[in-house]
Amino acid sequence: MSVNSDQFRDVMGRFATGVTVVTTVNQGRLDGFTASSFSSVSLDPPLVLVCIGKDATCHDAFSASGCFAINILSADQANLSVRFSSDVGDRFDGVKHEPWVTGAPVLDGALAVIDCTLHAVHEAGDHSILVGRVERLGPIRGEAKPLIYYRGAYCSVS
Ligand SMILES: Cc1cc2nc3c(=O)[nH]c(=O)nc-3n(C[C@H](O)[C@H](O)[C@H](O)COP(=O)(O)O)c2cc1C
């Protein structure tokens, strides 16, 4: 059965997700993109994954750098989701951040952060699956609410 891409997007959009900004540093250059394809994978060893489009301009930086940080966005950070999925030049311009263990930038105000070294890269159609080994993690804003993405729109939990 062939799958219609509009229907595929429509059906997948009915799976409500959190929103992350995935960041890395490669030879001193910061890169990052908005991603909802984040998942935990394994507890022992601690592994997570995120999928990145092969045509993303930062795709090669992620496979080359050997590290990435998953920044789980808070409900008041929809602006960062838009910024890190748009063509705005330097996406980090005006965005406060600091490195944790791996050197990947951790964004101020994130709900929680998972800092990883790159464990594996798997080919998957027009995306690559980045598997990260967790080196440090933590909630930053324990009381904040998460940003939610559902059917192409941002919302929050009440
Ligand atoms: C809410 C949301 C979730 C997204 N999730 C993903 C994702 O999981 N993987 C991905 O490759 N792109 C995802 N994107 C799109 C990328 O953020 C966007 O295509 C990317 O930043 C473009 O990168 P480039 O300008 O560096 O080519 C998402 C965009 C939004 C708004």
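Colleague: As I understand it, two strands are taken to pair if DSSP finds at least two bridges between them. With that in mind, how many residues lie between strand 4 and strand 5 in their hairpin?

Modeller: Let me say beforehand that this is a predicted model. Strand 4 and strand 5 form a hairpin, and four residues lie between them.

Colleague: And in which sense do strand 4 and strand 5 pair, and over how many bridges?

Modeller: The pairing is antiparallel and runs over three bridges, with strand 4 covering residues 39-42 and strand 5 covering residues 47-53. If you want a place to look, serine 42 stands opposite leucine 47 in strand 5.

Colleague: What about the open sheet of three strands, which order does it have?

Modeller: The order is 1-11-12, with antiparallel pairing. Strand 1 (17-18) and strand 12 (153-156) are at the edges with a single partner strand each, so one side of each has no neighbour in the sheet.

Colleague: How many bridges join strand 11 to strand 12?

Modeller: Four bridges join these antiparallel strands, and within that pairing isoleucine 148 has cysteine 155 in strand 12 as its bridge partner.

Colleague: Changing topic, which residues are closest to the ligand?

Modeller: The ligand has 17 residues around it, and the closest of them are Thr34, Ser37, Cys51, Gly53 and Thr57.

Colleague: What does cysteine 51 offer to a nitrogen atom of the ligand?

Modeller: A polar backbone atom of cysteine 51 lies 2.8 Å from a nitrogen atom of the ligand. Serine 36 also takes part through its backbone, where an N or O atom is 3.0 Å from a nitrogen atom of the ligand. Arginine 91, by contrast, uses its side chain, with an N or O atom there lying 2.9 Å from an oxygen atom of the ligand. As for cover, the ligand taken alone exposes 640 Å², and the protein buries 75% of that.

Colleague: Now for charges: how many salt bridges does the count come to?

Modeller: The count comes to six. One of them joins arginine 14 to aspartate 10, whose closest N and O atoms are 3.2 Å apart.

Colleague: Which residues are linked with that pair in a network of salt bridges?

Modeller: The network links Asp10, Arg14 and Arg151. Arginine 14 has a relative accessible area of 44%, so it counts as partly exposed, and aspartate 10 is likewise partly exposed, at 34%.

Colleague: Where in the chain are the two partners of the lysine 54 and glutamate 123 pair?

Modeller: The side chains of lysine 54 and glutamate 123 meet in a salt bridge with an N to O distance of 2.7 Å. This pair links distant parts of the chain, because lysine 54 sits in the loop between strand 5 and helix 2 (59-65), while glutamate 123 belongs to strand 9 (residues 112-124), 69 residues apart. Lysine 54 is partly exposed, with a relative accessible area of 34%, whereas glutamate 123 counts as exposed at 60%.

Colleague: And what does aspartate 76 form a salt bridge with?

Modeller: Its partner is arginine 141, and the closest N and O atoms are 3.2 Å apart. This pair also links distant parts of the chain, with aspartate 76 in the loop between strand 6 (67-72) and helix 3 (78-83) and arginine 141 in the loop between strand 10 (127-139) and strand 11 (147-150), 65 residues apart. Arginine 141 counts as partly exposed, at 29% relative accessibility.

Colleague: Is threonine 23 buried or exposed?

Modeller: Threonine 23 is buried, because its relative accessibility is 0% and buried means under 20%. It is placed in strand 2 (residues 20-26), and its side chain reaches the backbone oxygen of proline 105 at 2.6 Å.

Colleague: Last one: which residues make the nonpolar surface patch?

Modeller: The patch, of about 610 Å², is made by Met1, Val3, Phe8, Val11 and Met12. Of these, methionine 12 has its place in helix 1 (residues 5-12), and at 48% relative accessibility this methionine counts as partly exposed.

Terms used:
Residues are numbered from 1 along each chain as its sequence is written. This is a predicted model: local features need pLDDT of at least 70, side-chain atom pairs count only at pLDDT 80 or more; totals for chains, interfaces and linings use all residues. Side-chain values use heavy atoms; hydrogens and water are left out. Patches are made of residues with over 30% relative accessible area and no salt bridge: like charges are joined within 9 Å, nonpolar side chains (Val, Leu, Ile, Met, Phe, Trp, Tyr) within 5 Å. Accessible areas come from the Shrake-Rupley method with a 1.4 Å probe; for residues, only the protein chains shown count as cover. A salt bridge is a side-chain nitrogen of Lys or Arg within 4 Å of a carboxyl oxygen of Asp or Glu. Helices (H or I, at least four residues) and strands (E, at least two) are DSSP runs, numbered from the N terminus. Buried means under 20% relative accessible area, exposed over 50%, partly exposed in between (1.4 Å probe, protein chains only). A residue is near a molecule or strand if one of its heavy atoms lies within 4 Å of it. A polar contact is a pair of N or O atoms within 3.5 Å; within protein, one must be able to donate a hydrogen and the other to accept it, and residues adjacent in sequence count only if both atoms are side-chain atoms.
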